[in-house]
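I opened this notebook to keep a record of what I looked up in one structure, element by element and then residue by residue.

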Amino acid sequence: MRKFLVVLDDSRECLNAMRFAAMRAAKTGGGVEILSIIPPDEFNHWIGVGDVMRAEARERIEAHFEVFAKWMRDRQGVDPELVVREGEPVDEILAQCREDSEVGVLVLGAGAGKKGPGPLVTQLTKNAGSLDFPITIVPGELSKERLESIT
């Protein structure tokens, strides 16, 4: 089965990327894999404190994931899977795509305005020509109605 890999983070545009991935998966018989990355700099504390912070980060990720997963199951009939990795975001995204042969498309949300599309979109599109998977970039400003009409 082909999976749409989508990154779960705290960005606003993440929501449209999640919606797009779920709608495409539902319409094409694919799956959704949600990747959340814990950056290494969050745990540069004493070992015990770092372990507690890591556990708390995972709990927050799982709670956030459940909100998206419930919507995907209830509205799109798609049961997503969660993958949590630790490391530099771009490196971990590329590693996940290489390690999971079922990932067919990476779906990223792009921000708008003065901040630009966001660091993941900027960094990953620089090397898009040499990747062995396509990237779909979903504008964060698209309405739900527009997303539904193009998926």
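The entries below follow the order in which I went through the helices and a few single residues.

**Entry 1: the model and helix 1.** I note before anything else that this is a predicted model. I began with helix 1, residues 14–28, which has 15 residues and reaches 21 Å from its first C-alpha to its last, close to the 21 Å expected at 1.5 Å a residue. I then listed its buried positions and found Cys 14, Asn 16, Ala 17, Met 18, Arg 19, Phe 20, Ala 21, Ala 22, Met 23 and Ala 25. Just after helix 1 I came to Gly 29, whose phi is positive, at about 75 degrees.

**Entry 2: Lys 27.** Staying in helix 1, I looked up Lys 27, which has its place there. Is Lys 27 buried or exposed? I recorded Lys 27 as exposed, because its relative accessible area is 52% and the cut-off for exposed is over 50%. When I left aside the neighbours within four places in sequence, I found Lys 27 in contact with Glu 148 and Thr 151. I also checked the separation of Lys 27 from Val 78, which lies 51 residues away along the chain, and got 10.0 Å between the C-alpha atoms.

**Entry 3: two arginines of helix 2.** I took Arg 54 and Arg 58 together, since Arg 54 is found in helix 2 and Arg 58 has its place in helix 2, residues 47–76. For Arg 54 I noted a relative accessible area of 25%, so I wrote it down as partly exposed. The C-alpha of Arg 54 is separated by 8.1 Å from that of Ile 38, with their positions 16 residues apart along the chain. Arg 58 also went down as partly exposed, because its relative accessibility is 29%. Which residues is Arg 58 in contact with, leaving aside its neighbours within four places in sequence? My list reads Ile 38, Val 84 and Glu 86. For a long-range separation I looked up Pro 134, which is 76 residues from Arg 58 in sequence and 28 Å from it in space, C-alpha to C-alpha.

**Entry 4: helix 3 and its surroundings.** In helix 3 I found Val 90, Glu 92, Ile 93, Leu 94, Ala 95, Gln 96 and Cys 97 buried. I then asked what the buried residues of helix 3 pack against, and the list came to strand 1 (3–8), strand 2 (31–38), strand 3 (81–86), strand 4 (103–110) and helix 4.

**Entry 5: helix 3 against helix 4.** The axes of helix 3 (residues 89–99) and helix 4 (residues 119–126) come within 10 Å and cross at roughly 60 degrees, which means that helix 3 is oblique to helix 4. I noted the crossing of helix 3 past helix 4 as right-handed. On the side of helix 3 the contact is made by Pro 89, Val 90, Ile 93 and Leu 94, and on the side of helix 4 by Leu 120, Gln 123 and Leu 124. Sorted by class, this contact has six nonpolar residues, one polar and no charged ones.

**Entry 6: Val 138.** I closed with Val 138, which is found in strand 5, residues 135–139. I marked Val 138 as buried, because its relative accessible area is 3% and buried means under 20%. Leaving aside neighbours within four places in sequence, I listed the contacts of Val 138 as Asn 16, Ala 17, Phe 20, Val 107, Leu 108, Gly 109, Ala 110 and Leu 147. Val 138 and Ser 101 are 37 residues apart in sequence, and I found their C-alpha atoms 23 Å apart in space.

Key
Residues are numbered from 1 along each chain as its sequence is written. This is a predicted model: local features need pLDDT of at least 70, side-chain atom pairs count only at pLDDT 80 or more; totals for chains, interfaces and linings use all residues. Side-chain values use heavy atoms; hydrogens and water are left out. Helices (H or I, at least four residues) and strands (E, at least two) are DSSP runs, numbered from the N terminus. The expected span of a helix is 1.5 Å times one less than its number of residues. Buried means under 20% relative accessible area, exposed over 50%, partly exposed in between (1.4 Å probe, protein chains only). Axes are lines fitted to C-alpha atoms, for helices over the stretch in contact, and angles run from 0 to 180 degrees between N-to-C directions. Angles under 35 degrees count as roughly parallel, over 145 as roughly antiparallel, 65 to 115 as roughly perpendicular and the rest as oblique. A crossing is left-handed if the near helix is turned anticlockwise from the far one by less than a right angle, and right-handed if clockwise. Contact means heavy atoms within 4.5 Å. Ala, Val, Leu, Ile, Met, Phe, Trp, Tyr, Cys and Pro count as nonpolar, Asp, Glu, Lys and Arg as charged, and the others, Gly among them, as polar.
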